[in-house]
Amino acid sequence: MRKIYLVAIFSLALVATTLAQVSSDTLVMVYGKMLKAQDSTPVVGNILYEKLPYYDDMGMASTKTDGSFEIQLIQGETYNFTVKKPGFNKYTEEIKVTGNTNKNLYIEEDILELRKLENLIFARGSDQISPSSYQELNELATWMNENPTVVIQLEGHTDFAGNPDANMRLSEARVLAVQEYLIDQDVKKSRIFTKAFGGSQPVTQDRTDEAKALNRRVEVRVIRR
């Protein structure tokens, strides 16, 4: 009976020691945003964190719509951060937690191909495609018909001058016009996605006529081969 009491006392002492050790850990906040490496736009997703080297503290944090996150971790420890998200390359980084830390995670979009339609011309302020653009669009349609598994996304951009809502509507109308042209060339609609950005993603902030022309563009993103 005495041995049982001694074992119980030892076990209670071990538990108390462990609790004391845990309670002595200082918790700090690691916060920041998860952003697309290419253009720093927010990314919504999950972040797996694991304490090294024994993975005895781990969990999953989700970012908000603006890409922000907050994770409470143990000060003085090193954690491995991992992000796995469809359409992006795997991201992993070891972070030494020395105190409250502002840390942005830049994850790279897995871009198969992205190119600008260099000779695509529209009438000013319109979605009417100029006949001088037909050759380039015909070449794109031919390439897609020769590669029937390819899926693309047409991405429309305007310059950032003027009304943002009007720019968004114009960029949307233009990519839909290009989509319709490709459909007329026997490319299935299910293989052509569209996305409009208006003037929100300029390639230059200059306000010259040449700069505005660079910002007005339709890009072809290959999203599946």
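Is Thr158 buried or exposed, and what is its relative accessible area? In this predicted model, Thr158 is buried, with a relative accessible area of 4%. The residue sits in the loop that runs between β10 and α3. From there, its side chain reaches the backbone nitrogen of Gly199 at a distance of 3.3 Å. Once residues up to four places away in sequence are set aside, Thr158 touches Asn167, Leu170, Ser171, Gly198, Gly199, Asn215 and Arg216. Gly199 thus appears both as a contact of Thr158 and as the residue whose backbone nitrogen the threonine side chain reaches.

A second threonine invites a similar description. Thr63 is placed in the loop between β3 (58–62) and β4 (68–74), and with 9% relative accessibility it counts as buried. Its side chain reaches two backbone atoms: the oxygen of Val43, at 3.1 Å, and the nitrogen of Gly45, which lies 2.9 Å from a polar atom of that side chain. Apart from neighbours within four places in sequence, the residues in contact with Thr63 are Met34, Val43, Val44, Gly45, Ile47, Ser68 and Phe69.

These loops belong to a protein with four helices and twelve strands. Of its 225 residues, 37% are buried. Among contacts with a separation of 6 or more, 64% are between residues 24 or more positions apart.

Helix α2 offers a good view of how one element is packed. Its 13 residues should span 18 Å at 1.5 Å a residue, and the C-alpha atoms at its ends are indeed 18 Å apart, in agreement with that expectation. The buried residues in α2 are Glu136, Leu137, Leu140, Ala141 and Met144. Because these residues cover an arc of only 140° around the axis, they lie on the same side of α2. The cover over the buried residues of α2 includes β9, β10, α3, β11 (192–198) and β12. On the face turned away from this buried side, the helix carries the exposed residues Gln135 and Glu146.

Aromatic pairing adds a further link between α2 and α3. The count of aromatic pairs comes to two. One of these is formed by Tyr134 and Tyr181, which are stacked, with 5.4 Å from centre to centre and 25° between the planes. The pair joins distant parts of the chain, since Tyr134 belongs to helix α2 (residues 134–146) and Tyr181 to helix α3 (residues 164–184), 47 residues apart. The two rings come from residues in separate accessibility classes: Tyr134 is partly exposed, with a relative accessible area of 33%, whereas Tyr181, at 15% relative accessibility, counts as buried.

Charged side chains were examined next. The count of salt bridges comes to ten. In one of them, the side chains of Glu109 and Lys36 meet with an N to O distance of 3.5 Å. Glu109 lies in the loop between β8 (105–107) and β9 (113–116) and Lys36 in strand β1 (residues 27–36), so this salt bridge ties together parts that are 73 residues apart in sequence. Both Glu109 and Lys36 are buried.

Another salt bridge joins Arg221 and Glu155, whose closest N and O atoms are 2.5 Å apart. This pair, too, links distant parts of the chain: Arg221 is in strand β12 (residues 217–224) and Glu155 in strand β10 (residues 151–157), 66 residues apart. Arg221 counts as buried at 13% relative accessibility, and Glu155 counts as buried at 2%. How do these two pairs fit together, and which residues are linked in a network of salt bridges? The network consists of Lys36, Asp39, Glu109, Glu155 and Arg221.

The salt bridge between Arg115 and Glu113 gives a contrasting setting, with the closest N and O atoms 4.0 Å apart. Here Arg115 is partly exposed, with a relative accessible area of 32%, and Glu113 is likewise partly exposed, with 26%.

Technical notes: Residues numbered from 1 in each chain as written. Predicted model: local features only at pLDDT ≥ 70, side-chain atom pairs only at ≥ 80, totals over all residues. Heavy atoms only, no water. Helix = DSSP H or I, 4+ residues; strand = E, 2+ residues; numbered from the N terminus. Buried < 20%, exposed > 50% of the residue type's maximum accessible area, 1.4 Å probe, protein only. Phe/Tyr/Trp six-rings, centres within 6.5 Å; stacked < 30°, edge-to-face > 60°. Polar contact = N/O pair within 3.5 Å; in protein donor to acceptor, adjacent residues only side chain to side chain. Contact = heavy atoms within 4.5 Å. Expected span 1.5 Å × (residues − 1). Arc of directions from axis to C-beta.
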